[in-house]
Amino acid sequence: NIFENEDIAIELDTDALLPSDYIKSDTERFAFYKKLYNVRKRPDLEIIIEELSDRFGKLPKEAEELVFAVQLRVASIPTGFTRVSLNKDKLIAEFPPETNKLYYENAFPEITDYIQELDGAKLREGRKKLILEKIMSSRDEAIEIMWKIGKTTEMVSD
C-alpha cells in the first residue's frame with residue numbers, strides 16, 4: 001500500500017504503558033516496547049500478549065491500554081493518516097498534508113464516500129490540516145473504522 005504511514009501518531013486519553021511493577025527489568029520492558037512498536041499484523045500482537053501473560057501474569061489496565069493503542073495503530077497505518085487520537089468517545093484522524101497529490105487524487109475520494117456512510121462523521125479543516133471527527137459508540141468502533149479506511153486505501157493503491 002503506497003499510502004501507508006508507519007510514522008503515524010496514536011494518542012489516547014488514558015495511560016498506555018507497561019508498568020515497572022508488572023515487568024521489573026527495564027531491559028525486558030524496553031524489549032517488549034520494541035516488539036509492540038514493530039507489530040504490523042494482529043496475529044503478531046496476539047503472540048506478544050500471550051508471552052506477556054505467560055511470563056508476567058494478567059495484563060494490568062495500563063498494559064491493556066497499550067495493547068489497544070497497538071491495535072489502533074496497526075489498523076491505522078494503511079490509512080495514510082498522520083495522527084489518530086481517541087479522546088473519551090471522539091475519534092480524531094488527521095489526513096496527510098495537501099501536498100500529497102497522489103493521496104488526494106486516488107484514496108481521498110474513496111475515503112470520503114465511506115465517511116458519508118458513517119453516522120455522525122464529519123470532515124473539518126483545522127490549522128492547515130483536514131480532519132475526520134466521529135463520535136464513537138465504543139473504542140472497538142474506532143479500530144473498525146480505521147481498518148475499513150485502510151482497506152479502502154489498499155484497494156486504490158494496487
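**Contacts, cores and a buried glutamate**

Modeller: Welcome! Residues 24 or more positions apart make up 66% of the contacts in the protein chain that have a separation of 6 or more. Please keep in mind that this is a predicted model.

Biologist: Thanks! What makes a pair of residues count as a contact?

Modeller: The cut-off is heavy atoms within 4.5 Å. F81 gives a good example: beyond four places in sequence, F81 touches N5, I8, A93, E94, F95, P96, Y103, L132, M146 and I149.

Biologist: Which elements does the protein chain have, and in what order do they run from the N terminus?

Modeller: The order is β-α-α-α-β-β-α-β-β-α, which amounts to 5 helices and 5 strands.

Biologist: How do you know that the radius of gyration of the protein chain agrees with a compact globule?

Modeller: The rule is 2.2 Å times the number of residues to the power 0.38. For 158 residues this gives a value near 15 Å, and the protein chain has 17 Å, so the two agree. Along the principal axes, the C-alpha atoms fill a box of roughly 50 × 30 × 25 Å.

Biologist: Why is E94 called buried?

Modeller: Buried means under 20% relative accessible area. E94 has 8%, so E94 is buried. This residue lies in strand β3, and its contacts outside the four nearest places in sequence are F81, T82, R83, K129, L130 and I131. Across the protein chain, 44% of the 158 residues are buried.

Biologist: What makes a set of residues a nonpolar core?

Modeller: The members must be buried Ala, Val, Leu, Ile, Met, Phe, Trp, Tyr or Cys, joined through side-chain atoms within 4.5 Å. The largest such core here has 31 residues, and F81, F95 and M146 touch the most other members. At least two residues each come from α3 (61-76), β2 (83-87), β3 (90-94), α4 (101-117), β5 (129-135) and α5 (139-157). Helix α4 gives the most, 7 residues. There is also a second, separate core of 16 residues, with I23, L36, V67 and V70 among them. As a general point, nonpolar side chains tend to be buried together in soluble globular proteins.

Biologist: And the surface: how much area does the protein chain expose, and what do carbon and sulfur atoms supply?

Modeller: About 9100 Å² is exposed, and carbon and sulfur atoms supply 50% of that area.

Biologist: How many positive and negative side chains are there, and how far apart do the centres of the two sets lie?

Modeller: The protein chain carries 24 positive and 32 negative side chains, with the two centres 4 Å apart.

How values were computed
Residues are numbered from 1 along each chain as its sequence is written. This is a predicted model: local features need pLDDT of at least 70, side-chain atom pairs count only at pLDDT 80 or more; totals for chains, interfaces and linings use all residues. Side-chain values use heavy atoms; hydrogens and water are left out. Helices (H or I, at least four residues) and strands (E, at least two) are DSSP runs, numbered from the N terminus. Buried means under 20% relative accessible area, exposed over 50%, partly exposed in between (1.4 Å probe, protein chains only). Accessible areas come from the Shrake-Rupley method with a 1.4 Å probe; for residues, only the protein chains shown count as cover. Lys and Arg count as positive and Asp and Glu as negative; His and the chain ends are not counted. The place of a charge is taken as NZ of Lys, CZ of Arg, CG of Asp or CD of Glu.
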